[in-house]
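User: I'd like a close look at one part of this model, with the surroundings filled in as you go. Keep it relaxed, but give me the cut-offs.

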Amino acid sequence: MENKRKYVIPGDVITTGPYRPEQNVILDGNKIIATAIGISEIYDDSIKVIPLTGKYIPKIDDLVIGKVVSHTSLSWELDINSCYVGFLPAQDVFGRDFSAHADELTSKLKSGDLVAARIANFDRTRDPLVTIADRDLGKIDSGTLVKISPSKVPRLIGKRGTMIQMIEMATGAAVTIGQNGWIVVSCETPEGLLKAKKAIQMVDEKAHVANLTDQVKEMLESKGES
Amino acid sequence: MGGRDTTLVLLDENGIRCDGRKVDEPRRIMIKAGGLKNADGSAYIEFGDNKILVGVFGPRDVHPKHMSNTDTGILRVRYHMEPFSVTERKNPAPSRREIEISKVIKEALEPAVMLEKFPRTAVDVYIEVLQADGGTRCAALSAASVALADAGIPMRDMVAACAAGKAADTIILDVNNEEDQAGQADMPIGYMPSLEKITLLQLDGVLTPAEYKKCVETGIHGCKIVYELQKKALTDKYFGNGESK
């Protein structure tokens, strides 16, 4: 069947018929109703709405950028730009032989530090548990933080990462995207950094535009010549 | 506004009301989504001479903590009238009427929002009435649902609201301040058009069963007009730039 895209707002009937409701869609009788502002996508047997607004809701295995806000003697609390705080246990950083008496948490991570972390566990009953025990995760030492709307992160990545690859190629910057809408950009040259930041903000503003990849490409190239 | 005008003709022989409208004609309505930078979602509505601004925060942490619910998110609504919103200065402290309207709007929005997706959080809706001219609760409710959609809170449908009533023995749509003061009945209705469900229904006055039925139908017709404008406001904000729908 056709992969029809349509702009929807809450309450819009996307279609009727035997479809499986996925993200941001509910089934009422045989009507399929959108529950968020966004773009509806119809697949063979399912329908989903890609939202254009809303807060970040943690999902297991998401990569997020978090900011340390406080710590207890056993764990850190991270601001992950969500309605819940990320919970980072000390064992994760110090290893199994962590002792609350011997080890000082602030020696590894202080308030205000940025970390790249992965959501290890999250359910309705508890705050999300995050981990930094993996390759490419951990404290972020350099780079600039750019904040965009979390709902636009998939657009920034693009289909199979095309958008972000293009930005990285054109500017020579290394971009770490957190699913929570926080992005760290680091680049050798200040021009590349500025250009990458501008491209990211452009995606944030124009997320609903159809041929955005071309527009961003145009912007990146035009600036390069002048 | 102000005191009751005893010589006021609510409906003349040509079926024209005191402000020049026909019996089934709503006032001029303008809705704008967004506009406030610091709120997660916002909306502004002009409903005749009513001017109302709504800001929405959340889902966010609940303070005080004991109010939070581990099964679902909670909705908190504050309806507030500015001291300058009416002809005589209104005391800015929440009055009995404002507390009631806050509760009524909260209960009218609850069937629409899907807060069970965000346990232990709260969604706060702040409604500021800048200028009042009868029917503020309907206008506020309509604007609040636009602001909630703008904040990205999942909703089953938008709640549109419009009042119907009775003045000069005729059922009229969208009761204004004069008709509310001197008329015979006022019935605010909140309605979810896609789901065909009523979320708010109040009645102040006396109606016969037949009039009641007609009044509800008239009100729902008004809600559908408001609903189209709510949709337009959101479409303009999110899919503007000359994109086709």
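How many helices and strands does the secondary structure of chain A come to? And in which strand is the place of I183(A), with which residues in contact?

Analyst: Before the details, this is a predicted model: local features need pLDDT of at least 70 and side-chain atom pairs count only at pLDDT 80 or more, while totals for chains, interfaces and linings use all residues. Residues are numbered from 1 along each chain as its sequence is written, with chains lettered from A and ligands numbered from 1 in written order.

Chain A has 5 helices and 16 strands (DSSP runs numbered from the N terminus: H or I of at least four residues, E of at least two). Its C-alpha atoms fill a box of roughly 65 × 55 × 25 Å along the principal axes. Of the 226 residues in chain A, 38% count as buried (20 or more other C-beta atoms within 10 Å; exposed is 12 or fewer, partly exposed in between, with C-beta atoms placed from the backbone). Take the contacts of chain A between residues at least 6 apart in sequence, and 55% of them join residues at least 24 apart (a contact puts the two C-beta atoms, placed from the backbone, within 7 Å).

Now to your residue. I183(A) sits in strand β16 of chain A. With 23 other C-beta atoms within 10 Å, I183(A) is buried. Set aside neighbours within four places in sequence, and the contacts of I183(A) are V146(A), I148(A), V175(A), T176(A), I177(A), G178(A) and I200(A). As for L78(A), 105 residues away along the chain, its C-alpha atom is separated from that of I183(A) by 15 Å.

What about the strand itself? β16(A) covers residues 182-186 and runs antiparallel to β15(A), with 4 bridges joining the two. One spot to find on screen: A174(A) has S186(A) in β16(A) as its bridge partner. Zoom out a little and you get an open sheet of 3 strands in chain A, ordered β14-β16-β15 with antiparallel pairing (pairing takes at least two DSSP bridges). β14 (144-147) and β15 (174-177) of chain A are the edge strands, each with a single partner, so one side of each has no neighbour in the sheet.

A helix of chain A is worth a look too. In α3(A), residues 162-171, the buried residues are M163(A), I167(A) and T171(A). Viewed down the axis of α3(A), these fall within an arc of 45°, so they line one face of the helix (the arc is that of the directions from the helix axis to the C-beta atoms). On the other side of α3(A), T162(A) and M169(A) are exposed. G172(A) follows α3(A) and has a positive phi, near 75°.

Chain A isn't on its own, either: 23 of its residues are in contact with 30 residues of chain B. For a strand in chain B, try β1(B), residues 29-33, where the side chains alternate. I29(B), I31(B) and A33(B) point to one face and are buried, whereas M30(B) and K32(B) point to the other and are not. Strand β2(B), residues 41-47, is joined to β1(B) by 5 bridges, and the two run antiparallel. I29(B) stands opposite F47(B) in β2(B). Also in chain B, A140(B) touches I52(B), V54(B), Y79(B), I105(B), I127(B) and V129(B), leaving out residues up to four places away in sequence.
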